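Reader: Hi! I'm new to reading structures, and I'd like a close look at one part of this one. Could you take me through the contact between charged side chains and then show me the setting around it?

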Amino acid sequence: MELTLVELVGMMAGTGGVTGGLTLAGLRVEIRYLREADKRQQAEADAMRARLESVEKEQITVSGMAERAHHRLDRLKEELSA
């Protein structure tokens, strides 16, 4: 029994072979897309963490500078009032 291509495709469609193959291919594409999206989101999260750490360090530096400035102002006020 020989089958033509059309008959073979018709049989596969009837058994779900084509549909299953297309579904599997679609899932592979979706998985690849999701992996790439996950990598992009991870890179964005890493960049945000780096920015946050940088801002926190700057905040500590500015806080220390402000504290030293207040101490200096207090000393200058004491010298002026003496």
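Author: Happy to! Let's start with one half of the pair: Asp-46 is partly exposed, with a relative accessible area of 38%. Keep in mind that you are looking at a predicted model. The partner of Asp-46 is Arg-49, and their side chains meet in a salt bridge, with 2.6 Å from N to O. That distance fits the rule, because a salt bridge needs a side-chain nitrogen of Lys or Arg within 4 Å of a carboxyl oxygen of Asp or Glu. Arg-49 is partly exposed too, at a relative accessible area of 45%. Both values lie between the cut-offs of 20% and 50%, so neither residue is called buried or exposed.

Now find the pair along the chain. Helix α2 spans residues 17-81 and holds both Asp-46 and Arg-49. They sit three residues apart, which is about one turn of the helix.

Stepping back, the count for the protein comes to one salt bridge, and you have just met it. The protein has two helices and zero strands. Of its 82 residues, 1% are buried. Its accessible surface comes to about 7,700 Å², and carbon and sulfur atoms account for 61% of that.

Key. Residues are numbered from 1 along each chain as its sequence is written. This is a predicted model: local features need pLDDT of at least 70, side-chain atom pairs count only at pLDDT 80 or more; totals for chains, interfaces and linings use all residues. Side-chain values use heavy atoms; hydrogens and water are left out. Helices (H or I, at least four residues) and strands (E, at least two) are DSSP runs, numbered from the N terminus. Buried means under 20% relative accessible area, exposed over 50%, partly exposed in between (1.4 Å probe, protein chains only). Accessible areas come from the Shrake-Rupley method with a 1.4 Å probe; for residues, only the protein chains shown count as cover.
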